[in-house]
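Subject: Structure handover and findings

Dear colleague,

Please find below the structure I am handing over to you, together with its sequence. My notes on what was found follow directly after it.

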Amino acid sequence: MFETIKLEKHGRIGHLILNRPNSMNAMSGKMMQELADCFESLLQDSGIQVLILRGEGRAFSAGGDIKEMMDPDHPMDIDHVMKDVSRLAKSLYMLPQITVAAIHGASAGLGFSMSLACDHIIAEENSKLAMNFIGIGLVPDGGGHFFLKERVGVPKAKQLIWAGQTLKAHDAMAKGLVDEVTAEGRALEFAEAYATEVLASPVRAKLASKQLLHQLKIGELEQVLASEASAQSAMRKSADHLEGIQAFVGKRKPQFTGN
């Protein structure tokens, strides 16, 4: 059904698996479209009550696919891509399931925005978490501004976005970005234990509270997504973005000019 992701259902637990392991689950245009389609289909799925998000291979997700961004033969249509990113973030936020991110390896850029959109975040102790758009002259997307602000407030959200630093799991938990830290190789095990615990509780009441709280904020999220799409389109045309991309590929320090 999907090329870049897998959706598995085990009773009332679903597993959404990012499945581009050879690219560290970097998000291609195809993956963003498939994630948006998958989350939208789950909006109508009352059979699943807990959804675990995880990545195949060495990482959760390294973020947007920079190779695809730079492909001269098939340039990424940023405006089209941002529509899928907005669909992805909005439907993930409104899912009628309790969502659990099980993070190992890297969760960066859009991958980190998607992790932050989940209700419960579990990260292995050596995982690397980064809202690192600033390094290539871009702004967070996928609702990154909204989800960061929801977790830590506006002043700290700005600091995290501007710094763009890579955090280990314990540092991320100290900042309120992660709910649980596990030993290496055990995120999925802990996510499944959490899911089992949820299913043994009054889960319908929990989901009703989630819907009530998220419904209050959906208008704000939609506004943020529209603003992120507009800002990202502008940033993609900036000299600093081009320099950031070229420096990343050339493995050198970028020389930003503020243009």
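Ser107 has Leu129 as its bridge partner in strand E7. The model is a predicted one, and this pair belongs to the contact between E5 and E7 (residues 128-130), two strands that run parallel and are joined by three bridges. Both strands are part of an open sheet of three strands, ordered E5-E7-E8, with mixed pairing. Strand E5 (106-108) and strand E8 (166-168) form the edges, each pairing on one side only. From one strand to the next, the twist averages 20°.

A further open sheet has six strands in the order E1-E2-E3-E4-E6-E9, and its pairing is also mixed. Its edge strands are E1 and strand E9 (180-182), each of which pairs on one side only. Here the twist averages 20° from one strand to the next. As general background, the strands of a sheet pair through backbone hydrogen bonds, in either a parallel or an antiparallel manner.

Within the six-stranded sheet, strand E1 (residues 5-10) and strand E2 (residues 13-18) run antiparallel and are joined by six bridges. One of the pairs is Glu8 with His15 of E2. Two residues lie between the strands of this hairpin, and Gly11 takes a positive phi near 65° there. On its other pairing, E2 is joined to E3 by six bridges, and these two strands run parallel. His15 appears again in this pairing, with Ile52 as its bridge partner in E3. Helix H1 packs on the sheet and touches E1, E2 and E3, its direction making about 25° with that of E1.

Helix H1 also meets another helix. Two packed helices are described by the angle between their axes and by the distance between those axes. For helix H1 (residues 29-42) and helix H3 (residues 78-93), the axes come within 8 Å and cross at roughly 30°. The crossing in which H1 passes H3 is left-handed. On the H1 side, the residues in contact are Met32, Gln33, Leu35, Ala36, Asp37, Phe39 and Glu40. They meet Val81, Asp84, Val85, Arg87, Leu88, Ser91 and Leu92 of H3.

Turning to charged pairs, the structure holds 16 salt bridges. One of them links Asp45 and Lys9, whose closest N and O atoms are 2.8 Å apart. Asp45 lies in the loop between H1 and strand E3 (50-55), whereas Lys9 is in strand E1, so this salt bridge ties together parts that are 36 residues apart in sequence.

Finally, there is a point to note on the surface. Met70, Phe248 and Val249 make a nonpolar surface patch of about 290 Å². Of these residues, Val249 lies in helix H10 (residues 239-250).

When you go through the model, may I suggest this question as a starting point: which residue is the bridge partner of His15 in E3? The residue to look for is Ile52.

With kind regards

Technical notes: Residues numbered from 1 in each chain as written. Predicted model: local features only at pLDDT ≥ 70, side-chain atom pairs only at ≥ 80, totals over all residues. Heavy atoms only, no water. Patch = residues over 30% accessible without salt bridge, like charges linked within 9 Å, V, L, I, M, F, W, Y side chains within 5 Å. Areas by Shrake-Rupley, 256 points an atom, 1.4 Å probe, with all protein chains shown as cover. Salt bridge = Lys/Arg side-chain N within 4 Å of Asp/Glu carboxyl O. Helix = DSSP H or I, 4+ residues; strand = E, 2+ residues; numbered from the N terminus. Pairing = 2+ DSSP bridges. Axes fitted to C-alpha atoms, helices over the stretch in contact; angles between N-to-C directions. Left-handed = near helix turned anticlockwise from the far one by under 90°. Contact = heavy atoms within 4.5 Å.
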